[in-house]
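Trainee: Please take a close look with me at one part of this structure, the charged side-chain pairs, and then place that part in its surroundings.

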Amino acid sequence: MAHEPGTPGVETPAVRTSATPAPVELSDLAALKVLAQPRRQRMLQHLTLHGRATSATLARALGLNTGSTSYHLRELARYGFVEETETATETVTTGVGAGVAEGDEETGTGKERASGHGRERWWRAVPGDRRFPPRSRQSAEMRLVMDELNHHAYAADLELFEQLQRDSAETGPWADAFPYSRGTVRLTPLELRAFFEEYIALLNRYKRPEAETPAGARTVVTRFLAFPAPFADVDADAESNAGAGAGACAEVALVRPTDAAPVHSGKETEPS
């Protein structure tokens with residue numbers, strides 16, 4: 001999960017434990033470009049929501065070919081967004097090379113093999129508290145990449161939500177599991193950053209190892225988005241009649257989370 005970084009001196013309400021990932025800033029433009037690629041975002045989202053998968057299962061789920069998903073998985077792994085994970089499923093050794101799919105890589109036939117092993121390669125999204133540099137520290141090129149990344153991430157979130165509402169056949173308690181909140185609050189930039197850190201701490205409070213997760217629990221997608229409301233467009237006469245400052249919204253700093261993510265990241269996604 002990727003987040004906007006906090007502010008030095010702002011206390012995080014929860015005590016950090018060994019199980020709580022330390023924030024890591026994604027300032028490498030190459031890593032951000034890898035994350036901004038639409039197909040990779042879809043793959044990260046699938047791994048986050050549905051757990052580990054092979055390049056072949058990702059290809060079938062997303063309508064891609066195995067050669068394509070294998071390439072994108074290797075690129076994501078190169079920057080630590082995904083990693084190989086053990087599987088008990090063993091396959092027959094065929095002598096194909098490392099990282100090459102048995103069969104036709106272009107058409108996606110066959111199964112990807114792990115180097116030196118007669119088994120399929122399984123991948124998982126790597127959890128983590130990944131944060132983007134504040135917009136004021138982003139170069140012009142980085143801003144373009146971030147805008148592209150956010151555009152695809154937010155569109156994917158909306159599509160997922162609308163699909164669930166449209167296609168869900170839930171009839172039990174989960175049928176009503178659509179809590180959401182829309183509101184406004186007047187804050188200073190420092191207060192907004194503290195608010196954000198409290199939100200991250202709240203997510204961490206509810207995270208637990210798989211072995212400690214009770215029966216009936218499901219993956220729940222969480223998103224946080226806050227932005228400053230635009231100033232009201234009022235003329236001078238209206239402003240003077242209403243009183244100085246009337247109709248103007250508080251100007252607050254923009255906090256931009258994103259997931260990898262899909263990024264259940266470590267809070268998200270895992271990669272937000």
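Mentor: Arg131 and Asp129 are both buried in this predicted model. Their side chains meet in a salt bridge, with 2.9 Å from N to O. This pair does not stand by itself, for Asp129, Arg131 and Glu197 are linked in a network of salt bridges.

A further pair is made by the side chains of Arg223 and Asp157, which meet in a salt bridge at 2.8 Å from N to O. Arg223 belongs to the loop between helix 6 (189-206) and helix 7 (236-242), whereas Asp157 sits in helix 5, so the contact ties together parts that are 66 residues apart in sequence. The two partners fall into separate accessibility classes. Arg223 has a relative accessible area of 38% and is therefore partly exposed. Asp157, at 18%, counts as buried, because the limit for that class is under 20%.

Helix 5 spans residues 140-167 and also holds Tyr154. With a relative accessibility of 32%, Tyr154 is partly exposed. Tyr154 joins Leu225 and Phe227 in a nonpolar surface patch of about 320 Å². Helix 5 thus contributes Asp157 to a salt bridge with the loop between helix 6 and helix 7, and it contributes Tyr154 to a nonpolar patch.

How many salt bridges does the count give? The total comes to 9. One of them joins Arg121 to Glu84, where the closest N and O atoms are 2.9 Å apart. Because Arg121 lies in the loop between strand 4 and strand 5 while Glu84 lies in strand 4, this pair ties together parts that are 37 residues apart in sequence. Arg121 is buried at 10% relative accessibility. Its partner Glu84 has a relative accessible area of 34% and is partly exposed.

The Arg121 pair leads directly to the sheet. Strands 3, 5 and 4 form an open sheet in that order, with antiparallel pairing. Strand 3 and strand 4 are the edge strands, each pairing on one side only. Strands of a sheet pair through backbone hydrogen bonds, in either a parallel or an antiparallel sense. Between strand 3 (residues 53-54) and strand 5 (residues 122-125) there are 2 bridges. Here Ala53 stands opposite Trp123 of strand 5. On the other side, strand 4 (residues 82-85) is paired with strand 5 over 4 bridges. Among the partners in this second pairing, Val82 is matched with Ala125, and Thr85 is matched with Trp122. Glu84, the salt-bridge partner of Arg121, therefore belongs to an edge strand of this sheet.

A helix accompanies the sheet. Helix 2 (residues 38-50) lies across strand 3, strand 4 and strand 5, and it runs at about 90° to strand 5.

A buried position in another helix completes the view of these surroundings. Thr69 is found in helix 4 (residues 66-78). Its relative accessible area is 0%, so Thr69 is buried. Leaving aside residues up to four places away in sequence, Thr69 touches Met43, Ser55, Leu58, Ala59 and Leu64. Thr57 lies 12 residues from Thr69 in sequence, and their C-alpha atoms are 9.4 Å apart in space.

These parts belong to a chain with 7 helices and 6 strands. In sequence order, the pattern is β-β-α-α-β-α-α-β-β-β-α-α-α. The chain has 272 residues, of which 38% count as buried. It exposes about 15900 Å², and carbon and sulfur atoms supply 53% of that area.

To return to the charged pairs, the burial of the partners may be set side by side. Both Arg131 and Asp129 are buried. In the pair of Arg223 and Asp157, the arginine is partly exposed and the aspartate is buried. In the pair of Arg121 and Glu84, the arginine is buried and the glutamate is partly exposed.

Conventions. Residues are numbered from 1 along each chain as its sequence is written. This is a predicted model: local features need pLDDT of at least 70, side-chain atom pairs count only at pLDDT 80 or more; totals for chains, interfaces and linings use all residues. Side-chain values use heavy atoms; hydrogens and water are left out. Patches are made of residues with over 30% relative accessible area and no salt bridge: like charges are joined within 9 Å, nonpolar side chains (Val, Leu, Ile, Met, Phe, Trp, Tyr) within 5 Å. Accessible areas come from the Shrake-Rupley method with a 1.4 Å probe; for residues, only the protein chains shown count as cover. A salt bridge is a side-chain nitrogen of Lys or Arg within 4 Å of a carboxyl oxygen of Asp or Glu. Buried means under 20% relative accessible area, exposed over 50%, partly exposed in between (1.4 Å probe, protein chains only). Two strands pair if DSSP finds at least two bridges between them. Contact means heavy atoms within 4.5 Å. Axes are lines fitted to C-alpha atoms, for helices over the stretch in contact, and angles run from 0 to 180 degrees between N-to-C directions.
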